[in-house]
Amino acid sequence: MSSVEIFINGQFYPKADAKISVYDHGLLYGDGVFEGMRAYSGNVFRLAAHLDRLYESAKAIMLTIPMSREEMADAVRETLKHNSLSDAYIRLVVTRGAGSLGIDPTRTSNPQVIIIADHIELYPKELYENGLEIITAATIRNHPAALSPRIKSLNYLNNVMAKLEGKRAGCLEALMLNHRGEVAECTGDNIFILRRGKLITPPIDAGILEGITRNAVIELAQAAGMEVQEIPFTRYDIYVADECFLTGSAAEVIPVIKLDDRPIGDGTVGATTRQLSQAFHELVRKP
Ligand code: PMP
């Protein structure tokens, strides 16, 4: 969409003119935080939860966002309105700002607040019907004591490395294990399995991003009377699971039918996955 206009620090710029400094530590060091969210029929799904995570990520890296939460919420809505979008993907980025060529974040100024509202198609439509095949990446998820995966930072190389492995194996997503060898998450999505009627997903302390879609799906499953467990598990549990799916703001709910060439369940999209996906789509469009 060529007509997209980007919000930078309170002003809108055509895509081609939306620029920040090459001295920005967001570029030089991946020093900054971001959010990815979606608007459905003009409403940003769980905007408050996304802003909580953004401000908490910023706090964890000692980055002061130069706007209040209320101003940020208004700016997100304003960006949608400005671009006449009601169904969109929204990328909110806050960089450390321009500084010297050394790492020192105290020698930077002017964090940049960037909001992009546009369309995204993470996976081809037919994969929502037929399911994804994924592989396990050799790259493990960042050790939480090195860089907490709970911080949604601009430094996504850990995930990029695993994504590359997936792509080289002919898969659009890749499973990442944690430093203990347990299942963590995929490169940009959380993971769920269904086993003997129970819905299971890794706990936050498995070293994952606490996905907002993940939390919504847990609530939907519980509301539908399902037992949900946030417990550690291994690849073996996925190999023998009945169903598997991934969640994310961009991905929404996408079925997984194969891991490491092993069909999950009977190798087709399961009924519970379909049920939760439908419930999710109903939830996001609720006024
Ligand atoms: N894990 C990672 C690593 C992510 O980047 C994301 C977001 N793309 C998710 C999980 C899903 O989080 P959410 O549902 O909040 O989009």
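Ala, Val, Leu, Ile, Met, Phe, Trp, Tyr, Cys and Pro are counted here as nonpolar, Asp, Glu, Lys and Arg as charged, and the others, Gly among them, as polar. The views below show a predicted model.

**View 1. The largest pocket and its lining.** The largest pocket holds about 600 Å³ of space. It is lined by 32 residues, and those closest to its centre are Arg91, Lys152, Tyr156, Thr187 and Gly188. Two or more lining residues come from each of β3 (32–40), β5 (88–95), α5 (157–168), β11 (183–186), α6 and β15. By class, the lining of this pocket has 13 nonpolar, 10 polar and nine charged residues.

**View 2. The ligand in the largest pocket.** The ligand takes up the space of the largest pocket. Two elements, α6 (212–223) and β15 (243–248), give two or more residues to the shell around the ligand. That shell has 17 residues, of which the closest are Tyr156, Glu185, Ile212, Thr213 and Ser249. Three residues of the shell are nonpolar, nine are polar and five are charged. Tyr156 is thus named twice, among the residues closest to the ligand and among those closest to the centre of the largest pocket.

**View 3. Polar side-chain atoms beside the ligand.** Arg53 places a polar side-chain atom 2.8 Å from an oxygen atom of the ligand. In the side chain of Lys152, an N or O atom is 3.2 Å from an oxygen atom of the ligand. A nitrogen atom of the ligand has a polar side-chain atom of Glu185 at 2.6 Å. On its own the ligand has 390 Å² of accessible area, and the protein covers 94% of this.

**View 4. The largest cavity.** How many cavities of 30 Å³ or more does a search of the whole structure find? There are three. The largest cavity has a volume of about 60 Å³. Its lining consists of Arg141, Asn142, Leu147, Ser148, Pro149, Ile151, Ser153, Asn155, Tyr156 and Asn159. Sorted by class, the lining of the largest cavity has four nonpolar, five polar and one charged residues. Tyr156 appears in this lining and is also one of the residues closest to the ligand.

**View 5. The second largest cavity.** The space in the second largest cavity is about 50 Å³. Lining this cavity are Asp242, Glu243, Cys244, Pro255, Val256, Ile257, Ile264, Thr268, Val269, Gly270 and Thr273. Both β15 and β16 (252–259) give two or more residues to the lining of the second largest cavity. The largest share, three residues, comes from β16. Six residues of this lining are nonpolar, three are polar and two are charged. Strand β15 also gives two or more residues to the shell around the ligand and to the lining of the largest pocket.

Notes:
Residues numbered from 1 in each chain as written. Predicted model: local features only at pLDDT ≥ 70, side-chain atom pairs only at ≥ 80, totals over all residues. Heavy atoms only, no water. Near = heavy atom within 4 Å. Polar contact = N/O pair within 3.5 Å; in protein donor to acceptor, adjacent residues only side chain to side chain. Areas by Shrake-Rupley, 256 points an atom, 1.4 Å probe, with all protein chains shown as cover. 1 Å grid on protein atoms, 1.4 Å probe; cavity = no way out; pocket = protein on both sides within 12 Å on 5 of 7 lines; lining within 4 Å. Sits in = over half its atoms within 2 Å of the grid points. Helix = DSSP H or I, 4+ residues; strand = E, 2+ residues; numbered from the N terminus. Points joined across faces, edges and corners; volume = space filled by probe spheres on them.
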